[in-house]
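Reader: Could you take me through one part of this model in detail, residue by residue where it helps? I would like the cut-offs behind each term too, please.

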Amino acid sequence: MLPKQEKRIRRHKRVRAKVFGTAQVPRLCVFRSNKHIYAQLIDDEKGKTLVAASDLEIKYKKKKITKNEKALEVGKLIAKKAMEKKIKKVVFDRGGYKYHGRVKALAEGAREGGLIF
């Protein structure tokens, strides 16, 4: 039996075999830990991160905020940063996670912010 982390990495490799980011259409990569969520736009041709965002950058007005709400805000933030760099279209890389919960919230936030994928 494999550990959870190793299973996720295997799933991520399967996703990465199909998803490839370019300078015009970068890869929106998601990583979530137990406490935080991170997103970055990556140009795989050059191996460079174009834009990055996480919930650590956001200042919240109310004390109690759910992880899903944080993920939605991170999605909006990465979309805003991408728009500043004139990036509108991305390919979504869920990072081996299921597309629900925080990963889905981040994707919806990015779509609300104007990203197309």
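**A close look at α2**

Author: Happily! Let's begin where the helix ends: α2 is followed by Lys 86, whose phi is positive, near 60 degrees. Helices here are DSSP runs of H or I with at least four residues, strands are runs of E with at least two, and both are numbered from the N terminus. This is a predicted model, in which local features need pLDDT of at least 70 and side-chain atom pairs count only at pLDDT 80 or more, while totals for chains, interfaces and linings use all residues. Residues are numbered from 1 along each chain as its sequence is written, and side-chain values use heavy atoms, with hydrogens and water left out.

Back to Lys 86: a positive phi is found here in a residue other than glycine. Lys 86 sits in the loop between α2 and β4, and it counts as exposed, at 71% relative accessibility. Exposed means over 50% relative accessible area, buried means under 20%, and partly exposed is in between, all with a 1.4 Å probe and protein chains only.

Now the helix itself. The 18 residues of α2 should span 26 Å at 1.5 Å a residue, and its end C-alpha atoms are indeed 26 Å apart, so the two values agree. The expected span is 1.5 Å times one less than the number of residues. Lys 70, Ala 71, Val 74, Gly 75, Leu 77, Ile 78, Ala 79 and Ala 82 are the buried residues of α2, and they pack against β1, β2, β3 and α3 (102-112). Packing and touching rest on contact, meaning heavy atoms within 4.5 Å.

To see what α2 rests on, we need the sheet. The sheet is open, with 4 strands in the order β3-β2-β1-β4 and mixed pairing. β3 (48-54) and β4 (91-93) stand at the edges with a single partner strand each, so one side of each has no neighbour in the sheet. Neighbouring strands are turned by 20 degrees against each other on average, direction ignored. For such angles, axes are lines fitted to C-alpha atoms, for helices over the stretch in contact, and values run from 0 to 180 degrees between N-to-C directions.

Two strands pair if DSSP finds at least two bridges between them. β1 and β2 pair in the antiparallel sense over 6 bridges, with Arg 27 matched to Ile 42 of β2, and a hairpin joins these strands through 4 residues. Ile 42 also leads us onward, as its bridge partner in β3 is Thr 49. β2 and β3 are antiparallel too, over 6 bridges, and form a hairpin with 4 residues between them, where Gly 47 in the turn has a positive phi of about 70 degrees. β2 is mostly covered, with 5 of its 7 residues buried. On the other side, β1 (residues 27-32) pairs with β4 in the parallel sense over 3 bridges, and Phe 92 in β4 is the bridge partner of Leu 28.

Helix α1 (residues 4-18) lies across β1 and β4, running at about 175 degrees to β1. Helix α2 (residues 67-84) packs on the sheet as well, touching β1, β2 (37-43) and β3, and its direction makes about 140 degrees with that of β3.

Two residues show this packing from both sides. From the helix, Ile 78 of α2 is buried, at 0% relative accessibility. Not counting residues up to four places away in sequence, Ile 78 touches Leu 28, Ala 39, Gln 40, Leu 41, Val 51, Ala 52, Ala 53 and Ala 110. One of these, Ala 39, is 39 residues from Ile 78 in sequence, yet the C-alpha atoms are 7.1 Å apart. From the sheet, Ser 54 of β3 is buried, with a relative accessible area of 7%. Leaving aside neighbours within four places in sequence, Ser 54 is in contact with Ile 37, Tyr 38, Val 74 and Leu 77.

Last comes the helix partner. α2 and α3 pack at an angle of about 35 degrees, with their axes 7 Å apart. The contact includes Ala 71, Val 74, Gly 75 and Ile 78 of α2, and Ala 105, Leu 106, Gly 109 and Ala 110 of α3. Its residues divide into 8 nonpolar, 3 polar and 5 charged. Here Ala, Val, Leu, Ile, Met, Phe, Trp, Tyr, Cys and Pro count as nonpolar, Asp, Glu, Lys and Arg as charged, and the others, Gly among them, as polar.
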